[in-house]
There are 2 protein chains.
Amino acid sequence: MRAVRPKRGEGEAYCYQQLRRAVLEGRLVPGQRLVETELARMLGVGRAAVRTALARLEQEGVVERSPNRGARVRLLTEEEAVEILEARAALECLAARHAALRARPQDVRELRAILREMAACARRGDSLGYSECNGRFHHVLVRASGHATAQRLLDSLWAQMVRYQYRTVLAPGRLPRSLEEHRAIVDAVAAKDPDAAEARMRAHLQAVLTSLREVARRTWPAAAP
Amino acid sequence: MRAVRPKRGEGEAYCYQQLRRAVLEGRLVPGQRLVETELARMLGVGRAAVRTALARLEQEGVVERSPNRGARVRLLTEEEAVEILEARAALECLAARHAALRARPQDVRELRAILREMAACARRGDSLGYSECNGRFHHVLVRASGHATAQRLLDSLWAQMVRYQYRTVLAPGRLPRSLEEHRAIVDAVAAKDPDAAEARMRAHLQAVLTSLREVARRTWPAAAP
DNA sequence: GTCAACTTTGTTGTAGACAATCCGGCCCGG
DNA sequence: CCGGGCCGGATTGTCTACAACAAAGTTGAC
């Protein structure tokens, strides 16, 4: 599972990253118990490092902990997923605006490269690959914005959302439109037009949100406590 | 400093809240070193509890830690303060929209009560009291929105901003206009008009942002590394 | 006098041990 | 058959001790 035992002073950060990745990649599924001793043994570190890492993940919203009862991977209700997507939308609009103002040519090139990859995935019907590109796209765009605060918040929101990400993209017929929306955003950024970038990002995430609500309504016709 | 020693299982949460409050109330100033042993003795808990609390505060952006060198209260540059305010604006607009849709009558009453307090502070020139009310106002509004995700993110942003909050409100001549902006927001919420609520919140925070930039430019004519 | 290497001091990072607490199964009376 | 109390295993919360490390101070040679 691990390559080398982390050096002194890196144990906690190592645990944090490994656990985070494990959740993002679906190796730790929502609801799953996270036993400190077990994780410590797996990662080759002490319980203290695991403990503080879990505390950070809790603060980030990836993990849930209750006193004396340990930690589990947080399980989202549909409402929470919608909320997170709404917050993401608000922040990514901000990021898109800044990206239009501050993106360097190489950022735009990278975005266009990802667009080409997305198009290729779309052609061969590879939804999973498309979803992965989609993640990279948004990540690169936010990074290009140079807005460290938005990036930090969005990273944490993204980490909570992954499980739902796949569903939304799989909504039937949305794939080509999604691709077009992404292209429009890049064009606005390349044209250094902050208003258009923000507006198009808003439109895009609005569509994703609608799609998520649709899929959710279809999946759980009348659930959510 | 403390009332009772926290019971088993509450140590970490207790530390977290106490340290957070200490930073928010200015008893721990930015840049100040946070020595684990010392805090543990002060709070009457073990070092482990302090340690995990510091990890959470780091994740929240309130403190900074570097390996083997301990933690300090995070010190913001002007640019970071602007970024945080921008993120706050994006999220509070979302919250204002939701508040307009979901606020209960008692929430509106509470907001109007705070408005009256603010007006009183403004009349007697009590900037500090006004600033405190301002904080309560935004907190209550966000709570009324029922948007747990936005609330969580905004709480953390707020915790990072406090040191700058006072300055912005002290900008000369802004106090009456600020009051009017708040009143306009409450009116929109009371009228259940989400578009107006969002727009007015945006206008308000835009004004605050401009004011912050102005004050910052005046204070450090050409600083910020 | 200056600079480098060494020592000292204070603090953090980690390991191990132990008690408190929770969860499950179990027994027993109704 | 069912509910309440009791016990055992598992897991967490906390404490103590100690090694690793950083920063400041000290020594000594040039």
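Here Ala, Val, Leu, Ile, Met, Phe, Trp, Tyr, Cys and Pro count as nonpolar, Asp, Glu, Lys and Arg as charged, and the others, Gly among them, as polar. With that in hand, the surface near DNA strand C divides into four nonpolar, six polar and nine charged residues. Please keep in mind that this is a predicted model. Let's take the two DNA strands in turn.

**DNA strand C**
- This strand is surrounded by 19 residues, and the closest are R5(A), R8(A), R69(A), R47(B) and R51(B).
- Of the strand C atoms that come within 4 Å of the protein, 72% belong to sugar and phosphate.
- From chain B, β1 (33-34) and α3 (47-60) each supply at least two residues of the surface near this strand.
- Phosphate oxygens of strand C lie 3.3 Å from a backbone N or O atom of E36(B) and 3.1 Å from one of N68(B).
- In chain A, a backbone N or O atom of G9(A) is 3.1 Å from a sugar or linking oxygen of strand C.

**DNA strand D**
- Around this strand there are 20 residues, with R47(A), R51(A), R5(B), R8(B) and G46(B) the closest.
- Sugar and phosphate make up 72% of the strand D atoms that come within 4 Å of the protein.
- The surface near strand D has four nonpolar, seven polar and nine charged residues.
- Chain A's β1 (33-34), α2 (36-43) and α3 (47-60) each supply at least two residues of that surface.
- A side-chain N or O atom of R47(A) lies 2.8 Å from a base nitrogen of strand D.
- Polar backbone atoms of E36(A) and G11(B) each lie 3.4 Å from a phosphate oxygen of strand D.

Note on methods. Residues are numbered from 1 along each chain as its sequence is written. Chains are lettered from A and ligands numbered from 1 in the order in which they are written. This is a predicted model: local features need pLDDT of at least 70, side-chain atom pairs count only at pLDDT 80 or more; totals for chains, interfaces and linings use all residues. Side-chain values use heavy atoms; hydrogens and water are left out. A residue is near a molecule or strand if one of its heavy atoms lies within 4 Å of it. A polar contact is a pair of N or O atoms within 3.5 Å; within protein, one must be able to donate a hydrogen and the other to accept it, and residues adjacent in sequence count only if both atoms are side-chain atoms. Helices (H or I, at least four residues) and strands (E, at least two) are DSSP runs, numbered from the N terminus.
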